[in-house]
Amino acid sequence: MSGHGTPIKMTSRACGPLKGTAEVPGDKSISHRALILGALSVGETKITGLLEGEDVLDTAKAMRAFGAEVTQHGPGSWSVHGVGVGGFAEPEDVIDCGNSGTGVRLIMGAMATSPIVATFTGDGSLRKRPMGRVTDPIRLFGAQAFGRHGGRLPMTILGAPSPAPVRYATPMASAQVKSAVLLAGLNAPGQTVVIEKTPTRDHTERMLRGFGAEITTEVTEQGHVITLQGQPELKAQEVAVPRDPSSAAFPVCAALIVPGSEIVVPGVSQNPTRNGIFITLREMGADLTFENEREEGGEPVADLRVRYSKLHGIDVPAERASAQIDEYPVLSVVAAFAEGVTRMPGVHELRVKESDRIDAMARGLEANGIKIEEDEDTLIVYGCGPEGVPGGGTAVTHLDHRIAMSFMVLGMAAQQPVSVDDGSPIATSFPIFEDLMAGLGAEIVRADR
Ligand code: S3P
């Protein structure tokens, strides 16, 4: 969906202890990949626990436009009848990926080595984001890309008629770029190699292996060297999507700062390329434990138990940035309730997310009376202590779901209520956020109610 409807002003105020079980939705990264790999497989892929947020629904629509049969059977339960590697049909209309950088970048990769043409667009946030990071490597396969100034959407991709495999070192730590190259490599004969200096989330590699591709990851001095054998026959699978650690971070962080809280968040992915936030929170003094550690759908998962905690600021290691890249907004909220200073270096990629997240958090925290410092690559938050966060401000969300949810968490323990100008983007990744938080005891109200 490009463009959102009427902005929804939301306000969150201090509440009593949060209690109960928070069943957060399925993982967004894995949900996109399940639909795309299902569409590139032969046979019927069955998916359970799919995230039914706008981002993923836009990817489902896109897969239909490329010729796959995508059907919803019940809540979270979907099937995809795939067209096989190289079987994508040419879409009849523009592909609108809404707010989703992951959706558009992975799909561009997946179609780049088929002899078809597709035009992509998205909402006001996605049209500002850089696509050159994907069009540069897909050109090496022989695809052509014509976008707006600065490699922005809308953009038309002419898939390579006779693709050549590629060896590509990703210039930035980005799982989207890595995944786009691997998905393009599926329809190129021979070996496609991606080299990552800093490892990023590995869901594409895990899932490709699960669908029957030959793919290896070697840890070398250059970094992770991922080698994919092209033109496999991907076989339809059953995919059980674990719950999203990035969504879990919101109730977890809320419980840490609202006095007296104790909640359980069951079945959350603990993939080591994603669980940085939980390690960081424990380093800050969080009473956060992992129960029933097990494997589900090829991913390690655990039930998280979290209790209100007295937190202290820390220096967050820059090397951990990619394992918690989407959690910095809510981490900076938690840092405001800690004693002392929290330094978050190595986070320049936050500048090109759904919004410039360093700027959006910095301005919103300042508007709520919290002292911050920022530079191109760093955010520093001066903690006010557990009862010292003033609040009382309105944050601008810039069509960014995680900015909206982060400030709603801030309001749950601040002295004064906290508002956001527009909470509608929350539906892109966490459509049940307000109900789930209300079920735990949070007080979030919409201006229109
Ligand atoms: C994602 C990768 C990350 C992350 C995004 C989801 C993915 O982006 O921020 O929310 O599913 O591959 P980058 O690859 O740009 O770091």
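**What surrounds the ligand in this model**

Modeller: By class, four charged, four polar and three nonpolar residues make up the ligand's shell. Keep in mind that this is a predicted model.

Biologist: Which residues surround the ligand?

Modeller: S29, R33, T102, A173, S174, A175, Q176, R201, I325, D326 and K353. A residue gets on that list if one of its heavy atoms lies within 4 Å of the ligand.

Biologist: What makes the pair between S174 and the ligand a polar contact?

Modeller: The cut-off is 3.5 Å between N or O atoms. An N or O atom in the S174 side chain is 2.8 Å from a ligand oxygen, so the pair qualifies. K353 passes too, because one of its polar side-chain atoms lies 2.7 Å from an oxygen of the ligand. With A175 the partner is a polar backbone atom, 2.9 Å from a ligand oxygen.

Biologist: And how much of the ligand does the protein bury?

Modeller: 96% of the 390 Å² that the ligand exposes when taken alone.

Biologist: Where does the ligand sit?

Modeller: In the largest pocket. To count as sitting there, more than half of a molecule's atoms must lie within 2 Å of the pocket's grid points.

Biologist: Which domains does the shell draw on?

Modeller: Domain 1 (10–25 + 242–446) and domain 2 (28–229), with at least three residues from each. Helix 1 (28–39) and helix 5 (175–185) each supply at least two shell residues.

Biologist: Now the backbone. What is the peptide bond from L153 to P154 called, cis or trans?

Modeller: Cis, with omega near -5°. Most peptide bonds are trans. P154 lies in strand 9 (residues 152–158).

Biologist: And what about the phi of Q231?

Modeller: Phi of Q231 is near 50°, a positive value in a residue that isn't glycine. Q231 belongs to the loop between strand 13 (223–229) and strand 14 (238–240).

How values were computed
Residues are numbered from 1 along each chain as its sequence is written. This is a predicted model: local features need pLDDT of at least 70, side-chain atom pairs count only at pLDDT 80 or more; totals for chains, interfaces and linings use all residues. Side-chain values use heavy atoms; hydrogens and water are left out. A polar contact is a pair of N or O atoms within 3.5 Å; within protein, one must be able to donate a hydrogen and the other to accept it, and residues adjacent in sequence count only if both atoms are side-chain atoms. Accessible areas come from the Shrake-Rupley method with a 1.4 Å probe; for residues, only the protein chains shown count as cover. On a 1 Å grid over the protein atoms alone, a cavity is a set of points where a 1.4 Å probe fits but cannot get out, and a pocket is an open set with protein on both sides within 12 Å along at least five of seven lines; lining residues have an atom within 4 Å of a point. Helices (H or I, at least four residues) and strands (E, at least two) are DSSP runs, numbered from the N terminus. Ala, Val, Leu, Ile, Met, Phe, Trp, Tyr, Cys and Pro count as nonpolar, Asp, Glu, Lys and Arg as charged, and the others, Gly among them, as polar. Domain bounds come from an automatic or database domain assignment.
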